Amino acid sequence: EVKCHHLDGNQDDWQGTQCTEFLVDEAQQCKEDDVWYLTSRLRSKSEKKHQLRMTCNPLNTSFLCDWLTKGGYLLESGLPNMEMDGVTTYMVQVAGEFHWFSSLAKVKATYGSAVERSALKFVYYSATVYDNPYIRKFNPSYITKLENLKTVERMRLLEGNWYAKVENDGFIDAEWFLPIPRREVPLQIPSIRCWDFASTKPHEGNKDPDWTRGVKASYDKESGEFY
């Protein structure tokens, strides 16, 4: 029996159920508590494997970003750690906090046999659109659209970067800009300089606050590029 249902603060819908498998699509849009509650319903009498499977797109505000970070599945850049791709770890919840271990022996050594018995196997498989042979063959225009998204969205949806933040959320990353020689900046194009004035004076709690910073920018109307 297969049932399709939404997942958004509706844990009561699953009370009393005994399921063999849950498949959650776009799990990064779900709440951690809702997803975790599903694991308590994996208790049917079926002899088949009981499991929760999720598909997702990278989203830095999702609980999955935190899970993958703690599990060691992401690099410092936010991209998948290919050495951990497809590697099984063990996940436990203790006092409301989730922890990951590389083996059951380490779970037992840290929390004891009772927690070891409740540990769940956890595995993450990364993939991008380039890993999809069907799309590459029959819908290449979709790949072109992803390649031409704005920087942050391209990092998330094409490159699979979990730490990329949506625009206007956080700091500008210097890696987003292409360094060029000054001689390549076109002459006689409109330019403007703006300032971000420092307001915090040095004090005992912050002896080196942010400085006043300025940026001079030029815009080439013909090419649409900023310098």
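This passage walks through the strands, the nonpolar cores and one buried loop residue of a predicted model.

A good place to start is the open sheet, in which three strands lie in the order 6-7-8 with antiparallel pairing. Strand 6, covering residues 191-196, and strand 8, covering 225-226, are the edge strands, and each of them pairs on one side only. Six bridges link strand 6 with strand 7, which spans residues 213-220, and the two pair in the antiparallel sense. To find this pairing in the structure, look for R193, which stands opposite K216 of strand 7. As a general point to keep in mind here, side chains in a regular strand alternate between the two faces of the sheet.

Another pair of strands is found earlier in the chain. Strand 3, made of residues 89-94, is joined to strand 4 by five bridges, and the two run antiparallel. Together, strand 3 and strand 4 make a hairpin with two residues between them. In that turn, A95 has a positive phi of about 55°. Within the hairpin, Y90 has F101 of strand 4 as its bridge partner.

The nonpolar cores come next. In soluble globular proteins, nonpolar side chains tend to be buried together. In this model, the largest nonpolar core holds 25 residues, and L7, W67, L68, F122 and W162 are the ones that touch the most other members. At least two residues of this core come from each of strand 1 (21-24), helix 1 (32-39), helix 2 (63-70) and strand 4 (97-101). Helix 2 is the greatest contributor, giving five residues. For a closer view, consider L68: leaving aside residues up to four places away in sequence, L68 touches Y73, L74, F122, Y124 and W162. A second core, separate from the largest one, has six residues, among them Y90, F101, V107 and V115. Y90 and F101 are thus familiar from the hairpin, where they are bridge partners.

Finally, what surrounds Q28, a residue in the loop between strand 1 and helix 1? Beyond residues up to four places away in sequence, Q28 touches T55, C56, N57, L59, S62 and L64. The side chain of Q28 also makes a polar contact of 2.6 Å with the side chain of E26. Is Q28 buried or exposed? Its relative accessible area is 6%, and because buried means under 20%, Q28 counts as buried.

Definitions and conventions: Residues are numbered from 1 along each chain as its sequence is written. This is a predicted model: local features need pLDDT of at least 70, side-chain atom pairs count only at pLDDT 80 or more; totals for chains, interfaces and linings use all residues. Side-chain values use heavy atoms; hydrogens and water are left out. Two strands pair if DSSP finds at least two bridges between them. Helices (H or I, at least four residues) and strands (E, at least two) are DSSP runs, numbered from the N terminus. A nonpolar core is a set of buried Ala, Val, Leu, Ile, Met, Phe, Trp, Tyr and Cys residues joined through side-chain atoms within 4.5 Å. Buried means under 20% relative accessible area, exposed over 50%, partly exposed in between (1.4 Å probe, protein chains only). Contact means heavy atoms within 4.5 Å. A polar contact is a pair of N or O atoms within 3.5 Å; within protein, one must be able to donate a hydrogen and the other to accept it, and residues adjacent in sequence count only if both atoms are side-chain atoms.
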